[in-house]
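Biologist: I should like to learn how helix packing and chain symmetry are read from a model. May we take one case step by step?

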There are 10 protein chains.
Amino acid sequence: MSEQRLASLDSSIVSRLPAYSVSLFDAKTEKGLTFEQIAQHLGRAEVAVAAMFYGQAQASAEDVEKLSEILGVPKEAIAKQMMGFPDRGRAGPMPPVEPLIYRLYEVVQNYGYAFKAVLNEKFGDGIMSAICFNTKVEKEVDENGAPWVVITLRGKWLPFSRF
Amino acid sequence: MSEQRLASLDSSIVSRLPAYSVSLFDAKTEKGLTFEQIAQHLGRAEVAVAAMFYGQAQASAEDVEKLSEILGVPKEAIAKQMMGFPDRGRAGPMPPVEPLIYRLYEVVQNYGYAFKAVLNEKFGDGIMSAICFNTKVEKEVDENGAPWVVITLRGKWLPFSRF
Amino acid sequence: MSEQRLASLDSSIVSRLPAYSVSLFDAKTEKGLTFEQIAQHLGRAEVAVAAMFYGQAQASAEDVEKLSEILGVPKEAIAKQMMGFPDRGRAGPMPPVEPLIYRLYEVVQNYGYAFKAVLNEKFGDGIMSAICFNTKVEKEVDENGAPWVVITLRGKWLPFSRF
Amino acid sequence: MSEQRLASLDSSIVSRLPAYSVSLFDAKTEKGLTFEQIAQHLGRAEVAVAAMFYGQAQASAEDVEKLSEILGVPKEAIAKQMMGFPDRGRAGPMPPVEPLIYRLYEVVQNYGYAFKAVLNEKFGDGIMSAICFNTKVEKEVDENGAPWVVITLRGKWLPFSRF
Amino acid sequence: MSEQRLASLDSSIVSRLPAYSVSLFDAKTEKGLTFEQIAQHLGRAEVAVAAMFYGQAQASAEDVEKLSEILGVPKEAIAKQMMGFPDRGRAGPMPPVEPLIYRLYEVVQNYGYAFKAVLNEKFGDGIMSAICFNTKVEKEVDENGAPWVVITLRGKWLPFSRF
Amino acid sequence: MSEQRLASLDSSIVSRLPAYSVSLFDAKTEKGLTFEQIAQHLGRAEVAVAAMFYGQAQASAEDVEKLSEILGVPKEAIAKQMMGFPDRGRAGPMPPVEPLIYRLYEVVQNYGYAFKAVLNEKFGDGIMSAICFNTKVEKEVDENGAPWVVITLRGKWLPFSRF
Amino acid sequence: MSEQRLASLDSSIVSRLPAYSVSLFDAKTEKGLTFEQIAQHLGRAEVAVAAMFYGQAQASAEDVEKLSEILGVPKEAIAKQMMGFPDRGRAGPMPPVEPLIYRLYEVVQNYGYAFKAVLNEKFGDGIMSAICFNTKVEKEVDENGAPWVVITLRGKWLPFSRF
Amino acid sequence: MSEQRLASLDSSIVSRLPAYSVSLFDAKTEKGLTFEQIAQHLGRAEVAVAAMFYGQAQASAEDVEKLSEILGVPKEAIAKQMMGFPDRGRAGPMPPVEPLIYRLYEVVQNYGYAFKAVLNEKFGDGIMSAICFNTKVEKEVDENGAPWVVITLRGKWLPFSRF
Amino acid sequence: MSEQRLASLDSSIVSRLPAYSVSLFDAKTEKGLTFEQIAQHLGRAEVAVAAMFYGQAQASAEDVEKLSEILGVPKEAIAKQMMGFPDRGRAGPMPPVEPLIYRLYEVVQNYGYAFKAVLNEKFGDGIMSAICFNTKVEKEVDENGAPWVVITLRGKWLPFSRF
Amino acid sequence: MSEQRLASLDSSIVSRLPAYSVSLFDAKTEKGLTFEQIAQHLGRAEVAVAAMFYGQAQASAEDVEKLSEILGVPKEAIAKQMMGFPDRGRAGPMPPVEPLIYRLYEVVQNYGYAFKAVLNEKFGDGIMSAICFNTKVEKEVDENGAPWVVITLRGKWLPFSRF
C-alpha cells in the first residue's frame with residue numbers, strides 16, 4: 001500500500017468532532033499508519049477503529065493503552081474522553097454531501113423498502129439492530145482485474161415485543 | 001416459513017409508487033408467494049425482485065414473462081411500465097421514519113466517515129458504486145440460537161478521474 | 001366513563017393511515033367501545049391496541065379474531081393487512097403539531113441528554129430498545145384531587161457491540 | 001459501579017450549552033462522581049440533576065450550595081447563571097441523531113397518536129403537562145438476567161379550557 | 001356590519017380540516033351569520049367558536065345542540081366528530097404564509113425572548129399555559145378614527161416542577 | 001419580588017445577539033434590577049425594554065441616557081449601536097424550542113385561522129400590524145390564588161389597498 | 001399582441017388555488033382576453049386583477065359584476081368566494097422554483113439588506129407595508145430595441161411604534 | 001436628515017459578510033455619512049452602494065478610489081477584495097426574519113404568479129433578468145403627509161431560447 | 001435501437017405535471033417513438049422536446065402541428081396548454097432522489113465554486129444564462145468500447161449591470 | 001486578460017473549506033495568476049485546478065510539486081492535506097444562493113427529467129458517472145460579438161447491474 005494512502009482529517013470538519021479526533025489523526029499521519037495497521041495492533045475491526053477516531057465508538061481501557069503505544073500519544077490525554085460515552089451521529093450532514101457517503105445513503109433510499117420486505121418475510125416483524133451490530137469492509141477483484149468493495153452489515157434481529 | 005409472513009403494501013404508500021406495484025403485490029398476496037419463491041422462479045436476487053415490486057429496478061422481458069407466469073398477472077398489463085426506466089428514490093421519506101429502514105440509515109449516519117476513511121485507505125480516492133452494485137440478505141443463527149441479519153453490499157470501486 | 005369519551009379518527013389524517021384504520025375506528029365508534037374495553041377483550045395493553053388501530057403495530061391471528069368479535073367487523077376484511085408488516089412512523093408530522101403529542105416530544109427535546117447521561121452511567125454505552133419495548137398509561141389522582149398521567153416506557157437495554 | 005462509567009461532555013456540544021456546563025462536568029469528572037451520587041447529596045432526582053448540568057433546569061440556592069460542596073466548585077462561579085432562567089431545548093438537534101435519544105423520539109413518532117387516543121379516553125380533551133412534570137429512570141433485570149430500562153414520565157393532566 | 005363580511009372556507013384548505021368544517025362553513029354562509037352572532041347564541045367566545053369551525057376545539061353536547069339550531073345542520077351529522085377529540089395544529093403551514101397570521105407569528109419571533117424575560121421576572125421559572133387558556137379579540141378606535149385590534153391572551157402560569 | 005428573579009443571558013445565545021446585549025444584561029445583573037424597574041425609569045413598557053436588551057427594538061437618545069444612568073454603563077459604549085436600526089428576528093430559532101416561547105407559537109398555530117376569521121369579520125380584509133403595535137404583560141390572580149398571565153397585543157388595523 | 005399570449009393555468013397548480021381560479025382562467029382563455037383588457041374593463045391594475053385570479057386579492061361587488069360581464073361567467077358562481085377573505089400565500093412553493101418568480105426572490109435575497117439600509121436612512125426604523133401597497137408592471141424599450149421590465153413596488157412607510 | 005439615521009452593522013451578522021464590510025461600515029459611522037452622500041460621491045445608485053458594503057456587488061477601481069477618499073480607508077486595505085468577484089446571497093437567512101426584508105419577500109410570495117402572468121402576456125415566455133438589472137428607492141409623500149416608499153425594479157427581458 | 005428503449009411516465013409523477021404530459025407520453029409509447037425521432041420531425045433538439053413533454057418548455061404553433069402529426073394526437077387537445085406559458089421547475093423534488101438526476105446535481109454541488117471561479121476569470125462578474133440557453137446530449141465510445149455521455153450546456157454570458 | 005480578473009476567496013466561506021484553501025488563494029492573488037495559467041503549468045484542466053483550490057479534488061505528488069513552484073508555497077505546507085482524501089460537497093449551501101451557481105442548479109431542476117429521458121433512450125437504464133467524469137469551460141463569441149459560456153460535462157455511462 002502506497003504511503004500517501006492515509007485518511008486524514010479535513011480541517012473544516014473539526015468543530016463537529018470531539019477534541020481527541022484531531023490528536024489521533026495527527027499522530028496517525030505522523031506515524032504513517034493505516035487503520036488496518038492500527039486495527040491489527042488493537043485486535044479490533046478496521047471500521048470500528050476508524051469510528052473511534054471520529055468519536056462514534058467507545059474505547060476500552062485496553063484500546064487506549066494500545067492506541068497510546070502505537071500512536072505515541074500520552075494515554076492520559078485521550079483516556080477520559082475516549083472511554084466516555086460517545087455523542088454519536090453528528091460527524092457529517094444528512095443527507096450526506098460527500099459522494100462516497102452519499103452512495104451508501106442512496107442504497108438505503110432506493111432499496112430501503114426492498115430490504116424491509118425481504119427481512120420481514122425472512123424474520124417476521126422487527127428490525128436489524130444497529131447497536132448489537134458489526135460491520136467490515138473487504139476488497140475483491142473481478143475477472144477483469146477491477147476492484148469491488150464488499151461491505152458486510154451484520155446486526156442482531158430484534159422482533160417487536162408483543163404487549 | 002409460516003403462511004402469514006408475506007410482505008404486502010400499505011395502502012398509504014401507494015401514491016408514491018408506480019401503478020403496477022399494487023397489481024404485483026395483490027397477486028403475490030393472493031398466490032401466497034414470498035419474494036424468495038419469486039426470486040427463485042426468476043433466477044434473480046431476492047432484494048432485486050422486491051426492488052422491482054417497489055418500482056426501484058427495471059425488469060427484463062424474461063422477468064416479465066416469468067412474473068406473469070408465477071403471479072398470474074397478464075403480461076401486457078405490466079410489461080410496458082416494468083420494462084421502462086424506473087423513476088427511483090421516491091418510495092419513502094428521507095430521513096426514514098420506518099424503524100427498520102431507519103436503522104440502515106443510522107448505520108450510514110454513524111459509520112459514514114469511518115467507511116470513507118477505510119475505503120480511501122484500501123482503494124484510494126473514489127466511491128463504491130451504487131449502480132454497478134448488488135446486494136443480498138442472509139440469515140445467521142448464533143450460538144444462543146438468536147437470529148442475525150447479514151446484509152452484503154457489493155459495488156464496483158470507481159476512482160475519481162484525473163483531468 | 002361518559003359515553004362521548006371515545007377517540008375517533010380525524011378525516012384529514014386518513015390518507016396517512018392504512019385502509020383498515022377507518023373501518024376499525026368506525027366500528028369502535030358505532031359499538032361505543034373504549035380502547036380499554038377492547039384491550040381487555042384482547043388481553044393486550046391499551047396503548048398497543050390503539051397503536052394497531054393507527055397501523056403502528058402488527059396483529060396476531062388471535063387479535064384479529066377477537067377484534068372481529070368485539071367490533072363486528074368481518075375477519076377477512078382486516079386480517080391480511082393487519083397481520084402484515086406495519087409501515088410505521090407516518091401517522092403524524094414530526095415535529096408534532098398536536099399539543100398532546102408535542103409535550104411528549106418536548107420531554108425528549110429537553111431531557112434527551114439528561115436521559116442519555118443517566119442511562120450511560122447506569123448501564124454503560126448503549127440504548128434503550130424501542131422495539132423490544134412496551135409501554136403503559138396510568139392515571140393517578142394527587143392529594144388535591146387533580147389527575148396526573150403516568151406513562152411508563154420499558155425497553156431492553158442493548159449495549160453497543162464491540163467489534 | 002466501575003470507575004469509567006461517568007458521563008462527560010463531548011467537546012463539540014459545548015457551544016450549545018451555558019458556560020457553567022463545562023465547569024460542572026469537569027468537576028464531576030475530576031471528583032469521579034456519578035449523577036446518582038450527586039442527586040443523593042442534593043436530595044433531588046437523578047434526571048433533574050443531569051438536566052441542570054445540561055442547562056435544562058433551574059437550580060435553587062440550596063442546590064448551588066450543595067453542588068459547590070460536593071464538586072468543589074466555588075459557589076459564586078455558578079450561582080448567578082444556574083439560578084437564572086434556563087433557555088431550554090437547544091442542547092441537541094431534533095430529530096435527534098444520537099442513537100439513544102433517537103429511540104425516545106421514535107417512541108413518540110410511532111406511539112404518539114396511540115398515547116393521545118388512550119389519554120383522551122381516560123382523561124378527556126387536554127394534555128399531559130411537560131412542565132408540571134417529573135421523570136425517573138430505573139433498572140430492572142428480567143428472568144434471563146438481561147437489563148431493562150424503565151423510564152417513568154409523570155405529568156399533571158391539563159384539560160383544555162372552555163371559553 | 002355589511003353582508004359580505006363573512007369568513008368562508010378557501011377550497012384549497014379543505015383537505016387539512018375535518019369533514020364537518022365544510023358543512024359548518026357552508027351553513028354559516030347560507031344563513032349569513034357572523035361568528036359573533038353564533039358565539040352569542042352559544043354563550044361562548046368568538047375565537048373559540050371559530051376554532052371549533054376549523055377543528056381546533058372540542059364542542060360540548062350543548063354547543064352541538066345550539067349550532068344545529070342556529071345553522072340548521074342536523075345534529076347527528078356533526079355531533080360525533082365535533083364532540084370527539086380534536087387533532088389540532090394542522091390547519092395551516094408554519095411558518096404561516098397568510099399575511100394576517102404571519103404578523104402574529106412575527107410578534108412571537110421578535111418579542112419571544114422579551115416575553116420570556118419579563119414573564120420569568122414576574123412569575124419565576126415556568127410557562128404561560130396554552131391549554132388552560134382563553135383569548136379574545138376586540139376593536140378599538142383611536143382619536144383619529146383609525147381602528148386597532150386588541151388581542152388578549154390569558155393563560156394560567158405553570159411553574160416548572162422541582163423534582 | 002425576590003432578588004434572584006432576574007432574567008439574564010444564556011451564554012450560548014450570545015452569538016445571535018448584538019454586542020451590546022451582553023453589556024446591558026451584565027450591568028442589569030450587577031445592579032440587581034428587573035425590567036420593571038428599568039422600564040419605570042425610562043417611562044417605557046416592560047416588554048419594549050426587554051426587546052431593546054435583545055436587540056429587537058431601537059433606543060432613542062433619551063433611552064440611552066437613562067439606561068446609562070440606571071445601569072452605570074458609559075453612554076458612548078452603547079449609544080451608536082442601540083440607536084441604530086435593529087436587525088430583528090434572529091434571537092431564537094423558529095419553531096421555538098424554548099417551552100415558554102413555544103406556547104406562544106402554539107397559540108398562533110392552533111388559533112391562527114380562528115383569529116383571521118374573526119378579524120376579517122370585524123374589520124374586513126387586512127391585517128393587524130406588528131409594526132404599528134404595542135404589547136404588555138400583566139399578572140392576574142384567580143379566585144383560588146393561582147396566577148394567570150395576561151398578554152395584550154394591540155396593533156393598528158391595516159386594510160389591503162385596492163389598486 | 002398575438003393571440004397565443006394568454007396566461008393560463010397549469011393543471012398541476014390547481015389544488016393550491018381556490019375553486020373559482022379554474023373557472024376564471026377557463027373563461028379568460030375561451031374569450032381570448034388578456035389581463036390588460038380585463039383590467040381596463042374593471043378600472044383596476046393589471047397585477048391586482050391577475051392576483052384576484054390566483055386567489056390573492058379580494059374582489060368588490062363591482063369587480064364581480066364586471067368580471068361576470070366580460071368573461072361571461074354567472075355572477076353567483078363566483079361572487080361568494082371572490083368577495084370572501086382570501087387565504088393568501090399558498091399559490092407556489094418558496095423558495096420559488098419557477099425561473100421568473102425566482103429572479104424576483106433573488107432580488108430580495110441579494111439586495112434585501114441594501115434595501116433595508118437605504119430605507120432606514122431615508123425613513124427611520126420601520127417597514128414598507130405590503131398591505132397598504134400597490135404595484136404595477138411596465139414595458140420599456142432601450143436604445144437597442146431591447147425590452148426591459150419595470151416593476152414598481154409602492155408601499156406606505158410604517159414606523160415601529162414606540163411603547 | 002438627523003444625525004442618528006445611519007445604517008450600521010449588527011455584530012451578529014458579521015460572520016456572514018466579507019471582512020471589508022466591517023471596515024466600511026465602521027468608517028461610514030465615524031464619518032457620519034449616509035449611503036446617499038456616498039452614492040453621490042461615487043456617481044452610483046444608493047442601493048448599489050449599500051449592496052457593495054454588504055458584499056453583494058463588485059466595485060470598480062474608480063469606486064475603490066472614491067470610497068477610500070470619502071471614508072478615509074486606505075485603498076490597499078479594501079481594493080483586492082472589493083474588486084474581486086462577490087460571493088452573493090448569503091447576507092441573511094431566507095425566508096427573511098427581518099420584518100422589513102420579509103415584506104419584500106411577502107410581495108413575491110403573494111404576487112409572484114400574478115407578476116408572471118402579466119409579464120408573460122406583455123413579453124412572452126421568459127424572465128426579467130436580476131443580473132442585467134438595476135433598482136432604486138424613492139420617497140413620496142401623499143396628500144395626508146404620510147410617507148410612501150417607491151421601489152423600482154428594472155431588468156432586461158430575456159426570452160427563453162428556442163432550441 | 002431496441003424497441004423497449006422508450007422513456008415513459010411513472011404514474012406517481014403525474015400529479016406534478018401538466019395534463020398534456022400524460023397524453024403525449026401515452027401517444028409516444030403507442031407509436032413506439034424515441035425523442036430522437038420526434039426531435040428530427042420537429043427540427044428541434046432532443047432535450048428541448050423531452051422538456052416540452054415534461055411541461056418545462058413552450059411549444060410553438062408549428063411544434064404542436066408536427067407533434068400532432070407524428071403522435072396522432074388531435075391538435076386542439078394539446079395546443080392551448082402547450083403554447084401557454086410553462087410553470088417550470090416542479091417536475092421532481094430537489095435535492096433530486098433519482099440517481100441519474102442526482103449525479104447532475106452532485107456536479108453542481110462539488111464543482112459549483114470551481115465553475116464560478118473559472119467563469120469569473122474568463123468573463124468577469126456575471127452569470128451564464130439558463131434562459132438564453134441551449135443544451136444537447138451526445139454519446140461517445142472510448143477506446144475500450146465503453147460509452148460516455150457528453151452533455152453540453154451553452155448559455156449567454158450576462159455581466160452584472162453597474163448602476 | 002485584465003489584471004483584476006482573479007478569483008479570490010470570500011472570507012465568510014473560509015470555515016467551510018480545508019485550511020490550505022486560504023494559503024493557495026492568497027499565493028495566487030499575490031502572484032497575480034489565473035487558474036488558466038496555473039492549469040497550463042500543471043498540465044491539468046482549469047476546472048480541476050479550481051476544484052483543488054476549493055478542496056474538491058485530490059492533488060498528486062506532481063501537482064503539489066508544480067503548485068509549490070508556481071505559487072511559491074512551501075511544498076510541505078500543503079502536501080499532506082492536498083494529497084489526502086478530499087471531504088467533498090461542503091463548499092457552498094444547496095440550493096445555491098450564489099446567482100452563478102444557482103443557474104447551473106436551475107438547469108438540473110428544469111431539465112433533469114428531460115436529460116434522464118433522453119439518456120435512458122440513448123443508453124438504457126443507468127447513470128452518467130460524476131466520478132469517472134471530467135468537465136471543461138469554454139468561451140464562444142456569437143455573430144453579434146456577445147460572449148457565450150460552453151460547459152461540457154463528460155461522464156462514463158454506468159448501466160444498473162442486473163442481480
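Modeller: This is a predicted model. Two packed helices are described by the angle between their axes and the distance between the axes. Here, helix α6 (residues 99–123) of chain E packs against helix α6 (residues 99–123) of chain H at an angle of about 155°, and their axes lie 13 Å apart.

Biologist: How are α6(E) and α6(H) oriented to each other, parallel or antiparallel?

Modeller: Angles over 145 degrees count as roughly antiparallel, and α6(E) and α6(H) are therefore roughly antiparallel. Their crossing is right-handed.

Biologist: Which residues meet in α6(E) and α6(H)?

Modeller: From α6(E) come E:P99, E:Y102, E:R103, E:E106 and E:N110, which meet H:P99, H:Y102, H:R103, H:E106 and H:N110 of α6(H). The residues of this contact comprise four nonpolar, two polar and four charged.

Biologist: What relates chain F to chain H?

Modeller: Two copies of a chain are related by a rotation about an axis and a shift along it. A turn of 72° with a shift of 0.0 Å along the axis lays chain F on chain H with an RMSD of 0.0 Å. That is the relation of a five-fold axis. Within chain F, F:S15 comes closest to the rotation axis, its C-alpha being at 8.4 Å.

Biologist: How much area do chain F and chain H bury between them?

Modeller: The size of an interface is often given as the accessible area lost when the parts come together. Chain F and chain H bury about 1,400 Å² between them, with 52% of it on carbon and sulfur atoms. On the chain F side, F:F85, F:D87 and F:R90 lose the most area to chain H, together 34% of what that side buries.

Key:
Residues are numbered from 1 along each chain as its sequence is written. Chains are lettered from A and ligands numbered from 1 in the order in which they are written. This is a predicted model: local features need pLDDT of at least 70, side-chain atom pairs count only at pLDDT 80 or more; totals for chains, interfaces and linings use all residues. Side-chain values use heavy atoms; hydrogens and water are left out. Axes are lines fitted to C-alpha atoms, for helices over the stretch in contact, and angles run from 0 to 180 degrees between N-to-C directions. Helices (H or I, at least four residues) and strands (E, at least two) are DSSP runs, numbered from the N terminus. Angles under 35 degrees count as roughly parallel, over 145 as roughly antiparallel, 65 to 115 as roughly perpendicular and the rest as oblique. A crossing is left-handed if the near helix is turned anticlockwise from the far one by less than a right angle, and right-handed if clockwise. Contact means heavy atoms within 4.5 Å. Ala, Val, Leu, Ile, Met, Phe, Trp, Tyr, Cys and Pro count as nonpolar, Asp, Glu, Lys and Arg as charged, and the others, Gly among them, as polar. Copies are superposed by least squares on the C-alpha atoms of residues with pLDDT of at least 70 in both. Buried area is the accessible area (1.4 Å probe) that two parts lose on being put together, summed over both.
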